[in-house]
Amino acid sequence: MPTYRDEAVVLRTHKLGEADRIITLLSRTHGKVRAVARGVRRTSSKFGGRLEPCNHVDVQFAVGRSLDIVTQVECLHPYGDPLTRDYVLYTTGETMLEVADRLVAVENEPSLQQYRLLVGALRVLGQGTSDGPRPATMVLDSYLLRSLAVAGYAPVLDSCAKCGVMGQQEWFSPSIGGMVCSGCRPPGSARPEPESWQFLGALMSGDWPATRTLGEGTQREVSGLIAAFSSWHLEHQLRSLPLIPRG
């Protein structure tokens, strides 16, 4: 039986029969993969605990007829461990996995950028940014913006998303695709504070030093904008997102 090996993040698991699970992973080389892990629900399983959501693993698969089969697993980074001990971190991590699962819709097609973004976001969530710790919601907001951008849904932040007039505009519309001018804004558009535009740009580029002194009000406003933008472009509400406590 042919085999192949890859690095991957475990996205979700489903029970199969009495002792098996179907594991969905986002891998470095093969994109999204669904595979059967046999016997992992037994207490005697050698690698059942390694195949938990959020974990970063080195995994070997045997090619099967309908689903591949997990034959070996080594845990590279147990990102899931610290998240299970903190409700905010856990729900944030679950939201990241859900987003990755939806954005990489087709199985067995390489999606290296999405894989790298997810691994980096899970690492930052548990270990902090290159500029020190940040709230879990801020890490999630950055991940949402950047993963959507890779998928082709980057919000327009330097001009009107509808008519194209350059420069900072006053309004934000998820349905139009970002910043809009007064003449183009549809009903229900938000009018963010000037600081929020700068914050959005910093999160998009991963400029963590620029987020050091932001107030809680600005963070809440931007989180609301990003949640609305994400829900619109993912076509429906993320299940895990409303569960995350926000100050």
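Which elements each supply at least two residues of the lining of the largest pocket? In this predicted model, they are β1, α1 (residues 80-83) and α2. That answer is a handy place to start a walk through the fold, and we will come back to the pocket after a look at the barrel.

## The barrel

Let us begin with the strands. Five of them close into a barrel, and following the order of pairing takes you through β1, β2, β3, β5 and β4. The pairing in this barrel is mixed. Direction ignored, neighbouring strands of the sheet are turned by 50 degrees against each other on average.

As background, strands of a sheet pair through backbone hydrogen bonds, in either a parallel or an antiparallel way. With that in mind, we can follow one strand and its two partners.

## β2 and its partners

Strand β2 (residues 20-27) is a good one to trace on screen. On one side, eight bridges join β2 to β1 (residues 3-16), and these two strands run antiparallel. If you would like to check the register, Thr13 has Ile23 of β2 as its bridge partner, and Ala8 stands opposite Ser27 in β2. The hairpin of β1 and β2 has three residues between the strands, and Gly17 takes a positive phi near 65 degrees there.

Strand β2 also pairs with β3, through seven bridges and again in an antiparallel arrangement. Here Arg21 stands opposite Ala37 in β3. β2 and β3 form a hairpin too, with three residues between them. How enclosed is β2 by the rest of the structure? Largely, because six of its eight residues are buried.

## Helices on the sheet

Two helices are worth viewing against these strands. Helix α2 lies across β1, β2 and β3, and α2 runs at about 110 degrees to β1. Helix α3 packs on the sheet as well, where α3 touches β1, β2 and β4. The direction of α3 makes about 65 degrees with that of β1.

## The largest pocket

Now back to the opening question. Rolling a probe the size of a water molecule over the atoms shows where empty space is left. The largest pocket found here has a volume of about 360 Å³. Its lining is made up of 19 residues, and those that lie nearest the centre are Leu11, Arg12, Pro53, Glu94 and Leu97.

Which element gives the largest share of that lining? It is α2, with six residues. This is the helix that lies across β1, β2 and β3, and β1 is itself among the elements that supply at least two residues of the lining.

## Two loop residues with positive phi

Two residues other than glycine have a positive phi and deserve a quick look. Cys54 has a phi near 85 degrees and sits in the loop between β3 (31-37) and β4 (56-62). Asn108 has a phi near 60 degrees, and its place is in the loop between α2 (87-103) and α3 (112-127).

Are these residues buried or exposed? Cys54 is buried, because its relative accessible area of 4% falls under the 20% cut-off. Asn108 is partly exposed, with a relative accessible area of 48%.

## Around Gln169

Further along the chain, Gln169 is found in the loop between α4 (136-150) and β6 (171-173). Although it is a loop residue, Gln169 is buried, with a relative accessible area of 14%. What surrounds it? Leaving aside neighbours within four places in sequence, Gln169 is in contact with Ser159, Cys160, Met179, Val180, Cys181 and Trp197. Its C-alpha atom is separated by 9.5 Å from that of Trp197, which is 28 residues apart from it along the chain.

The side chain of Gln169 also has backbone oxygens beside one of its polar atoms. The backbone oxygen of Gly167 lies 2.9 Å from a polar atom of this side chain, and the backbone oxygen of Met166 lies 3.5 Å from such an atom.

## Around Ala190

Our last stop is Ala190, whose place is in the loop between β7 (178-180) and α5 (194-205). Ala190 counts as partly exposed, at 27% relative accessibility. Not counting residues up to four places away in sequence, Ala190 touches Glu170, Trp171, Phe172 and Leu225. Ala190 and Ser173 are 17 residues apart in sequence, and their C-alpha atoms are 6.6 Å apart in space.

Note on methods. Residues numbered from 1 in each chain as written. Predicted model: local features only at pLDDT ≥ 70, side-chain atom pairs only at ≥ 80, totals over all residues. Heavy atoms only, no water. Helix = DSSP H or I, 4+ residues; strand = E, 2+ residues; numbered from the N terminus. Buried < 20%, exposed > 50% of the residue type's maximum accessible area, 1.4 Å probe, protein only. Pairing = 2+ DSSP bridges. Axes fitted to C-alpha atoms, helices over the stretch in contact; angles between N-to-C directions. Contact = heavy atoms within 4.5 Å. Polar contact = N/O pair within 3.5 Å; in protein donor to acceptor, adjacent residues only side chain to side chain. 1 Å grid on protein atoms, 1.4 Å probe; cavity = no way out; pocket = protein on both sides within 12 Å on 5 of 7 lines; lining within 4 Å. Points joined across faces, edges and corners; volume = space filled by probe spheres on them.
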